[in-house]
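Here are my notes on the side-chain contacts and backbone oddities in this one. Have the structure open while you read.

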Amino acid sequence: MIQQGSRVAIIGCSDPRAESKREEIRALTDILQELGLRPVLSQSLFAGEGDAPDARAKALMHCYLDPSIQAIFDVSGGDLANEILPFLDYDGIRANPKPFFGYSDLTTVLNAVLHKSSSPVHLYQVLNLVWDKSGMQIKRFRRSILEGAADLYTFDYEFAQGNQMSGAVIGGNLRCLLKLAGTPFLPAFEGKILFLESYGVTQNQVRSHLHQLRQMGVFRLISGLLLGTFTKLQQANPECSVAELALSCIANGALPVAVTQQIGHSEAAKCLELGRVYTFST
């Protein structure tokens, strides 16, 4: 929970924001101010503003080391977030833990920070407050982030295989998580619930990525698999069952698999706290 009046950072660890996105960021800061927060823009947010990998890492570290900043919200996405990982001071993050929110390509940073420092990370895009025109995201954000209710963190799910699973959740975007394979930033899978979602991949790409995880031995180690939205795939082929596709790839009839349509690339998406122990059951 973040106290009203707190300073919160708006940062971009992945692809620098284009100049055309400046109005969108302004709209976000207006909403956060109306909620009683004090947003502070990162020095490495827009293209041309110190957007080299080490500069973006330095900007993130500044947010962690500044005691006046109570939470960090990343508004970027794309491809470049993993560039900053070698430049982060994980001991410094561990000594100054604070909530860090991001999604999509930020999967690399969230899981690395969780693995190397245990500082709290949340799979959520704060720009949903701007994109969702119904006002529901603002209401959920206020109740959960500012008042401590569970609205933003409670989501519906159903089991495609098995009926119960429990464990700390890791993961995020499928394509981006695999950027961590073979690096010291990949979290341990043993006993974890692995969450996976995606935005722009094809069915063949999903199959390829899942088989890579299978070949890494992941599906023999985790306690369960939670699938979110696979946006473009589901839009292009509404008849495609992501759960059935996943089950055909993981080839483990004993692994519990659940599905939610409420976490992923959507302006109505809920928030998943990585590292938190969840229990799902029918």
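The points below go through aromatic pairs, charges over rings, salt bridges and two backbone angles.

1. Before anything else, bear in mind that this is a predicted model. Everything below is computed from that prediction.

2. Aromatic contacts first. The count comes to 10 aromatic pairs. One of them is Tyr64 with Phe100, an edge-to-face pair with 6.3 Å from centre to centre and 80 degrees between the planes. What I like here is where the partners come from: Tyr64 belongs to helix α2 (residues 53-65) and Phe100 to strand β4 (residues 100-102), so the pair links distant parts of the chain, 36 residues apart. Buried or exposed, Tyr64 and Phe100? Both are buried.

3. Phe155 and Tyr157 are another edge-to-face pair, at 6.5 Å between centres and with 65 degrees between the planes. For the angle, over 60 degrees is what counts as edge-to-face. Burial splits these two: Phe155 counts as buried because its relative accessibility is 8%, under the 20% cut-off, while Tyr157, at 29%, counts as partly exposed. Both rings belong to one aromatic cluster, along with Phe159, Tyr278 and Phe280.

4. That cluster has a charge to look at as well. Arg276 lies over the face of Tyr278, at 4.3 Å from the ring centre, and Tyr278 is one of the cluster members. Elsewhere, Lys116 lies over the face of Tyr90, at 6.0 Å from the ring centre. The distance cut-off for a charge over a ring is 6 Å, so keep that in mind when you look at Lys116.

5. Now salt bridges: a search of the whole structure finds 9. Arg175 and Asp79 make one of them, with their closest N and O atoms 3.3 Å apart. Why single it out? Arg175 lies in helix α7 (residues 174-177) and Asp79 in the loop between β3 (69-74) and α3 (90-95), so this salt bridge ties together parts that are 96 residues apart in sequence. Both ends are partly exposed, Arg175 with a relative accessible area of 31% and Asp79 at 42%.

6. Arg94 and Asp91 give a local counterpart, a salt bridge of 2.6 Å from N to O. Both sit in helix α3, and because they are 3 residues apart there, about one helical turn separates them. Arg94 is partly exposed at 42%, whereas Asp91 is exposed at 53%.

7. Two further items on charge. The side chains of Arg143 and Asp151 meet in a salt bridge of 2.7 Å, N to O; Arg143 is partly exposed at 32% and Asp151 is partly exposed at 26%. There is also a network of salt bridges, which links Glu19, Arg22 and Glu49.

8. Finally, the backbone. Which residue in the loop between β4 and α4 (107-117) should you check? Ser104 is the one I mean: although not a glycine, Ser104 has a positive phi of about 60 degrees. Ser104 is buried, with a relative accessible area of 11%.

9. Ala251 raises a similar point, with phi near 50 degrees, a positive value in a residue other than glycine. Ala251 is placed in the loop between α11 (242-250) and β10 (257-259). At 48% relative accessibility, Ala251 counts as partly exposed, because exposed would need over 50%.

How values were computed. Residues numbered from 1 in each chain as written. Predicted model: local features only at pLDDT ≥ 70, side-chain atom pairs only at ≥ 80, totals over all residues. Heavy atoms only, no water. Phe/Tyr/Trp six-rings, centres within 6.5 Å; stacked < 30°, edge-to-face > 60°. Helix = DSSP H or I, 4+ residues; strand = E, 2+ residues; numbered from the N terminus. Buried < 20%, exposed > 50% of the residue type's maximum accessible area, 1.4 Å probe, protein only. Lys NZ or Arg CZ within 6 Å of the ring centre and 35° of its normal. Salt bridge = Lys/Arg side-chain N within 4 Å of Asp/Glu carboxyl O.
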